[in-house]
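Take a moment to look at the sequence and the 3D structure together, and keep both in view while reading. The paragraphs that follow move from one place in the chain to another.

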Amino acid sequence: MAYKIETISVYEAFEQHCACPLCALRDKLEADYTEYYLGNAAMLPEIRVEVNKNGFCGRHLDMLYEAGNRLPLALQMHTMLSEHNKRSAKAMRDYAAKCASRSGKAAQASLDRLEQTLRENEHSCLVCRSTRDNMERYIQTAVRLYFDESRFRKLYENCSGFCNGHLVQLLRSAEKVCSRAENERFVNRTLLLQQQSREKLAGELEHFTKMFDYRSRGQEWGESRTAVARTAQLFGGDTRAERSGNGGKEDK
């Protein structure tokens, strides 16, 4: 059943014909987890314990905040902050004491520990962890579907490529789940697809810049409208709204 659900999700992402279907999968997962932590889960004792211990990174706190359901978020943030205050207060006292002792190396080590404590949610975020675990399964599913189902293979070979981060994850996953011959085939096709996609994107970026020249008046923007956002996405940028928007029209 789990494999069936993952298969459906992977198909749906590749059928979107977006800049990176794996980014689309990640975005859907993050949206689902945002809804989850603002729903009934906010009142479950076992979930609150996890939130207090691990918290959320800044990016996912932004997503939770922008979702607009402030009461469950405030309830979780209150206990999360209370627990975090206890841990950070101890680290602060330790650093202040080390500074007072004028021990340079000890103070630096204490400051490093303080920084680690203050930024612990960046590394332990519940949404990051859950999304990462599910993405690993989705990516492995995509690799296997490439060899097992011709319909998916056609979708894959006609997609627009992948962002740099997901490209590497795909290649690493293929090493784990493919035979040597399969891996060679998958790598060659994926890298060719990626190179063609990057060259096409470079052309769209050039067209975008030329559309600001008076000599281009009356020409069509075409896919160049979202070229800037898609290039930012290629390098890891978070430009979800702009990727589906009107790229250059508003800028011009």
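A good place to begin is His17, which sits in the loop between helix 1 (2-14) and helix 2 (21-37). Everything described here belongs to a predicted model, not to an experimental one. The relative accessibility of His17 is 51%, and because exposed means over 50%, this residue counts as exposed. Its backbone also deserves attention, since the phi of His17 is near 55°, a positive value in a residue other than glycine. Most residues other than glycine have a negative phi. A positive phi, again near 55°, is found at Arg102, which follows helix 5.

Helix 5 itself covers residues 70-100, and its length can be checked by a simple piece of reasoning. At 1.5 Å a residue, its 31 residues should span 45 Å, and because the C-alpha atoms at its ends are 42 Å apart, the expected and the computed values agree. Which residues of helix 5 are buried? They are Pro72, Leu73, Gln76, Met80, His84, Ser88 and Ala91. These buried residues pack against helix 2, helix 3 (45-54), helix 4 (58-66), helix 6 and helix 7 (120-124).

Ser110, in helix 6 (residues 104-118), gives a detailed view of one position. With a relative accessibility of 1%, Ser110 counts as buried, because the limit for a buried residue is under 20%. Leaving out residues up to four places away in sequence, Ser110 touches Ala91, Asp94, Tyr95 and Lys98; one of these, Ala91, is also among the buried residues of helix 5.

Another buried position is Asn134, which belongs to helix 8 (residues 126-148) and has a relative accessibility of 16%. Beyond residues up to four places away in sequence, Asn134 touches Leu29 and Tyr33. Asn134 also shows how folding can bring together parts of a chain, for Arg26 is 108 residues away from Asn134 in sequence, while their C-alpha atoms are 8.7 Å apart in space.

In soluble globular proteins, nonpolar side chains tend to be buried together. The largest nonpolar core of this model has 44 residues, and those with the most contacts inside it are Phe14, Leu22, Tyr37, Phe56, Tyr156 and Phe162. Two or more residues of this core come from each of helix 1, helix 2, helix 3, helix 5, helix 8, helix 9, helix 10 (164-177) and helix 11. Helix 8 gives the most, with 10 residues.

Where in the chain is Phe162, one of the core residues just named? Phe162 lies in the loop between helix 9 and helix 10, and at 2% relative accessibility it counts as buried. Setting aside neighbours within four places in sequence, Phe162 is in contact with residues including Phe14, Leu22, Tyr156, Leu167, Thr190, Leu193 and Leu234. The C-alpha atoms of Phe162 and Leu191, which are 29 residues apart along the chain, are separated by 10.0 Å.

Some of these partners of Phe162 lead to a last feature, the meeting of two helices. The axes of helix 9 (residues 150-157) and helix 11 (residues 180-210) come within 10 Å and cross at roughly 35°. On the side of helix 9 the contact is made by Arg153, Tyr156 and Glu157, and on the side of helix 11 by Arg185, Phe186, Arg189, Thr190 and Leu193. Sorted by class, this contact has 3 nonpolar, 1 polar and 4 charged residues.

Conventions. Residues numbered from 1 in each chain as written. Predicted model: local features only at pLDDT ≥ 70, side-chain atom pairs only at ≥ 80, totals over all residues. Heavy atoms only, no water. Helix = DSSP H or I, 4+ residues; strand = E, 2+ residues; numbered from the N terminus. Buried < 20%, exposed > 50% of the residue type's maximum accessible area, 1.4 Å probe, protein only. Contact = heavy atoms within 4.5 Å. Axes fitted to C-alpha atoms, helices over the stretch in contact; angles between N-to-C directions. Nonpolar A, V, L, I, M, F, W, Y, C, P; charged D, E, K, R; others polar. Expected span 1.5 Å × (residues − 1). Core = buried A, V, L, I, M, F, W, Y, C linked by side-chain atoms within 4.5 Å.
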